[in-house]
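Visitor: I would like a close look at how the parts of this model pack against one another, and at the places where the backbone departs from the usual. Please say also how far the model may be trusted.

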Amino acid sequence: MTPSAPRSTTRWRIASPQRIKSPQQLLAESGADLEGHGLRRTMGLFQLVCFGIGAIVGTGIFVGLSDSVAKAGPAVVVSFVLAAITCVFTAFSFAELGGAIPVSGSSYSFAYASLGERTAFLVGWCLLLEYGVSVSAVAVGWSQYLNELLDSLVGWRLPAVLSAGPADGGAVNLPAVVVILLAATLLVRGVRESARATAAMAILKIGILIVFCAIGFSAFQDGNLSPFAGAGLDGITAGASVAFFSYIGFDAITTAGEEVKNPRRNIPIAILVCIGVVTLLYCAVALAAIGALGADAVAGRPAALSVVVDQVTGSSVGGGIIAFGAVVAIASVVLAVMYGQTRILMSMSRDGLVPRVFERVSPKSATPVANTWIVAAVFAVPAAFVPLDVVVNLTTIGTLAIMVAVNLAVMVLRRRDPELPRSFRVPLFPLSPVLGIGFCLYLIWGTGWTTWVQFAAFLAVGSLVYAGYGRRHSRLAVTAPSADAEPGSRGA
């Protein structure tokens, strides 16, 4: 009986969900502010801002606008602002943590440093859902606009059997698979090349959206905004929950923590600039589209922006230009979000919570090559075959839960590690993170009880995966029995 006692004690310590990796340990393992783990610092501030815009502006405005309008009507502008306010408070928290802990793990690493390993794993689990559904849905939207572009240029569309999944009357969405594989090819070549491509695409799509606004406002009619909020507050809230999906991606900026120059300065600036620019763009585009044709003409139209331009100009040429912009814009989202997913998996692998293949970095390209191709293969399957609209609400609630965790992380680290160097500090602390949590919970409430049940089941599966693999393979588990004096393993 005596020899078994130490083993029992050790097993309990390894199973503890309170293992925490300190910010100092995270920075040391990633190479701190130097180049580490095989990655290279090649992105400047301008490229990082373009990367953030590239991760955000895409399907949410080119395709998802019609869904938001269907919920809120002309008041969709208020929905976008409400979603933006939720993002702004959380963006402050991301900016503080991104400047203080500039590592590739983003919100996963922030949770690891504050809320414990189990919570961090579940945050990473939610990120897999957020980024996976986002990339797949964006790729499907790219396929739709590619057909619009082909139709405007040569009067021909891809046959439905090759451009839609089984649920939409086809067999396989081949263009969606192609754009994911093209993004993976560019990502494995190197971060410098990917950043340049993303910057060029971000500039182009901003220019096209500005042109769209000019066309839409030229046909603006006040009467198209009435009734402004016919569905009332419930419609605005529902529209905000849908519109929130349009903002998913700004957190990807923090995944570049180990590959951006001067990350403590550049990450906070890039996050705040991106949220401001994107909010202005979204509100202007929504107002221009509804003012030109009315909410009924925009709602339920997947390629609504092309429709608006075609009807205002009386020509398919303008719609073709918008379709081209959408093809470029959506491709940049695939590229940026896939980049973020690979870096998060790399951080989780570094901690032992997912297989080690995800942390291997090619010495030639300084990119996680195997990681990237695995992610591309996994994301391509739902993009090709699975209808993703059924899980959009689940993705939204998962993202909101991540944002709640990040706001909590700011408050916990302010108390636990007040001397941690912070290049940016959340204004009006602790009011800002508390408001961020409140807005997130309000939008979670708007997703409905069926989504809550789905999310609870999703977290239960994640907890089982953590118990079966992550907890046993964690790098901290190896040192847990003797780590009482180590900052990276102290209890919460």
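Guide: The protein chain of this predicted model has an average pLDDT of 81, and 88% of its residues score at least 70; pLDDT is the predictor's confidence in each residue, from 0 to 100. Among the elements of the chain, helix α7 (residues 107–112) has the highest mean pLDDT, 92, and helix α1 (residues 4–15) the lowest, 37. Here helices (H or I, at least four residues) and strands (E, at least two) are DSSP runs, numbered from the N terminus. The pLDDT is below 50 over residues 1–17, a stretch that makes 14 contacts in the model beyond near neighbours in sequence, a contact being heavy atoms within 4.5 Å. It is likewise below 50 over residues 481–492, which make 24 such contacts beyond near neighbours in sequence.

Some conventions apply to what follows. Because the model is predicted, local features need pLDDT of at least 70 and side-chain atom pairs count only at pLDDT 80 or more, whereas totals for chains, interfaces and linings use all residues. Residues are numbered from 1 along each chain as its sequence is written, and side-chain values use heavy atoms, with hydrogens and water left out.

The protein chain has 21 helices and 0 strands. Of its 492 residues, 58% count as buried, where buried means under 20% relative accessible area, exposed over 50%, and partly exposed in between (1.4 Å probe, protein chains only). Among contacts with a separation of 6 or more, 83% join residues 24 or more positions apart.

The packing of α6 and α19 comes next. Helix α6 (residues 76–100) packs against helix α19 (residues 431–446) at an angle of about 140°, and their axes are 8 Å apart. Since angles under 35 degrees count as roughly parallel, over 145 as roughly antiparallel, 65 to 115 as roughly perpendicular and the rest as oblique, α6 is oblique to α19. Axes are lines fitted to C-alpha atoms, for helices over the stretch in contact, and angles run from 0 to 180 degrees between N-to-C directions. The crossing of α6 and α19 is left-handed, that is, the near helix is turned anticlockwise from the far one by less than a right angle, whereas clockwise would be right-handed. On the α6 side, the contact is made by Leu82, Ile85, Thr86, Phe89, Thr90, Phe92 and Ser93. The α19 side contributes Ser432, Pro433, Leu435, Gly436, Phe439, Cys440, Tyr442 and Leu443. By class, the residues of this contact are 10 nonpolar, 5 polar and no charged; Ala, Val, Leu, Ile, Met, Phe, Trp, Tyr, Cys and Pro count as nonpolar, Asp, Glu, Lys and Arg as charged, and the others, Gly among them, as polar.

A cis peptide bond lies in the loop that leads into α19. The bond from Phe429 to Pro430 is cis, with omega near 5°, and Pro430 is placed in the loop between α18 (392–416) and α19. Another cis bond, from Ser226 to Pro227, has omega near -10°; Pro227 sits in the loop between α11 (191–218) and α12 (232–247).

A second helix pair is formed by α10 (residues 174–189) and α17 (residues 369–385), whose axes come within 9 Å and cross at roughly 170°. The two are therefore roughly antiparallel to each other. From α10, Ala176, Val177, Ile180, Leu181, Ala184, Thr185, Leu187 and Val188 meet Val369, Thr372, Trp373, Ala376, Phe379, Ala380, Ala383 and Ala384 of α17. This contact has 14 nonpolar, 2 polar and no charged residues.

In the loop between α16 (316–350) and α17 lies Ala366, which has a positive phi of about 60° although it is not a glycine. Ala366 counts as buried because its relative accessibility is 5%. Asn262, in the loop between α12 and α13 (263–293), is not a glycine either and has a positive phi of about 45°. At 45% relative accessibility, Asn262 counts as partly exposed. Gly314, just after α15, takes a positive phi of about 70°.

Finally, Trp142 lies in helix α8 (residues 117–154) and, at 10% relative accessibility, counts as buried. Apart from its neighbours within four places in sequence, Trp142 is in contact with Pro175, Val179, Val327, Ile330 and Ala331. Val179 is 37 residues from Trp142 in sequence, with 7.8 Å between their C-alpha atoms.
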